[in-house]
Amino acid sequence: MADAKVIPLEAIPDARSEVVNVGGRPYLLLNDAMFTFYRRSMGEFSPFFLALRDEKRILGARCTRCGLVRVPPFVTRCPDCGFAPTELVEVGDVGQLVATPPVTYFANSLFQQQVPFGRGRAILRGADTALSVNLYTTRGILVPGIFRKGTEVKVVFRSERKGEITDIFCVPTAELTPDQVAKKGLEESELDWERATEPPLPSATAQDAARFHEIAAQLSALARELSANERARRDIANWWRTILVKTTGGTLVMKIANGDLTVEEGTAAAPDLVMVVADPAVLLNALAYRGSLTQAIMTGKLWISKNVEFTTVFKLERMARSLARSKKA
């Protein structure tokens, strides 16, 4: 925590300029910045955030007259009881969602490392109002349908906490063991993020295999073209990933290595992530900027094994966009 920065280094763009042509005329674009730093007090919320950070507890405000428990404890006097005083009480860390949450795939730089996440409201045991929390799954990429109104969730604490609401998030209790559900102060490091459940692929036919070989060859050629484009190379600079792609007709390996992208038929023993896509044309169209990997994920055509690797998906989509813009220019 001592070396942490308010603005993550990866969110700071490189100092550079470029010329773009619009309507046949050149325009100069420059990366620039404004700085506005400030300190803020959590004020009367301090006990709530300190309890999250230091004690892994969730506090609410209970009215001393009607007994209503509000979480978070945003009032010190109950507006429904003639402003009777409230008292801080601890509530449970298991609850139910009050509505089906939206899933965020596109976020600004501040939240880019957290996507995709659901944003839901859960009524925890012992509380009478809902707490807003981010939602994740341990079973691969988060897609609509995993969380619904009434889904039971468990609050999980970040291993490194700052005293912010993002110190906690929720996962479905159905993905946890009974001991994990019962444990107070469960931390993210205690979750099994490697238990992603791959979607099944249909049995391959001879036509599927032939189509796979044809599209794999096109992907290899497209990867060479992307790697030869300076603008696209910058999109995967300082990034290394080995991706195993499983399709109905066969498997291929996509490697990202600091500006170079290669695609070859084969398999990988210890990939950084796994993609499952029945039709490899989905991947080809996305890298050729005729489709979208994110859209394919949202519609269930593409599955990836790790939610945190959505950053890699963004980088691949950025490469496709850069090549398309270079051709247009």
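## Sheets, helices and salt bridges in a predicted model

Five strands make up an open sheet in the order β15-β14-β13-β16-β17, and their pairing is mixed. At its edges lie β15 (260-265) and β17 (303-304), each of which pairs on one side only. Please keep in mind as you read that this is a predicted model.

Let's stay with this sheet for a moment. Which helix packs on the sheet, touching β14 and β15? Helix α3 (residues 206-227) does so, and its direction makes about 165° with that of β15. Within the sheet, strand β13 (residues 240-246) runs parallel to strand β16 (residues 273-276), and four bridges join the two. One place to look is Leu244, which stands opposite Val274 in β16.

A second open sheet has four strands, ordered β4-β3-β6-β5, and here the pairing is antiparallel. The edge strands are β4 (69-70) and β5 (77-78), each pairing on one side only. Strand β3 (residues 58-63) pairs with β4 over two bridges in the antiparallel sense, and Val69 in β4 is the bridge partner of Arg62. Helix α1 (residues 46-55) lies across β3 and β6 (84-91), running at about 150° to β3.

Earlier in the chain you will find a hairpin. Strand β1 (residues 17-22) and β2 pair over six bridges in the antiparallel sense, with Val20 standing opposite Tyr27 in β2. Two residues separate the strands of this hairpin, where Gly23 takes a positive phi near 60°. Is strand β2 (residues 25-30) well covered or hardly covered? It is hardly covered: the count of buried residues among its six residues is zero.

Helix α7 (residues 310-328) offers a contrasting view. Its 19 residues reach 27 Å from the first C-alpha to the last, close to the 27 Å expected at 1.5 Å a residue. Buried residues in α7 include Phe310, Val313, Phe314, Leu316, Met319 and Leu323, and also Lys315 and Glu317.

Now for the charged side chains. How many salt bridges does a search of the whole structure find? The search finds 19, and three of them are set out here.

| Salt bridge | N to O distance |
|---|---|
| Lys56 and Glu187 | 3.0 Å |
| Arg62 and Glu87 | 2.9 Å |
| Glu198 and Lys246 | 3.1 Å |

Take the pair of Lys56 and Glu187, whose side chains meet in a salt bridge. Lys56 sits in the loop between α1 and β3 and Glu187 in the loop between α2 (178-182) and α3, so the pair ties together parts that are 131 residues apart in sequence. Glu187 is buried, with a relative accessible area of 18%, while Lys56 is partly exposed at 23%.

Arg62, met above as the bridge partner of Val69, also shares a salt bridge with Glu87. Because Arg62 lies in strand β3 and Glu87 in strand β6, this pair ties together parts that are 25 residues apart in sequence. Both residues are partly exposed, Arg62 with a relative accessible area of 33% and Glu87 with 35%.

The pair of Glu198 and Lys246 links distant parts of the chain: Glu198 lies in the loop between α2 and α3, Lys246 lies in strand β13, and they are 48 residues apart. Glu198 is partly exposed, with a relative accessible area of 36%, and Lys246 is partly exposed at 24%. Elsewhere, Glu55, Arg57, Glu90 and Lys184 are joined into one network by salt bridges that share partners.

Key:
Residues numbered from 1 in each chain as written. Predicted model: local features only at pLDDT ≥ 70, side-chain atom pairs only at ≥ 80, totals over all residues. Heavy atoms only, no water. Buried < 20%, exposed > 50% of the residue type's maximum accessible area, 1.4 Å probe, protein only. Pairing = 2+ DSSP bridges. Contact = heavy atoms within 4.5 Å. Axes fitted to C-alpha atoms, helices over the stretch in contact; angles between N-to-C directions. Expected span 1.5 Å × (residues − 1). Salt bridge = Lys/Arg side-chain N within 4 Å of Asp/Glu carboxyl O.
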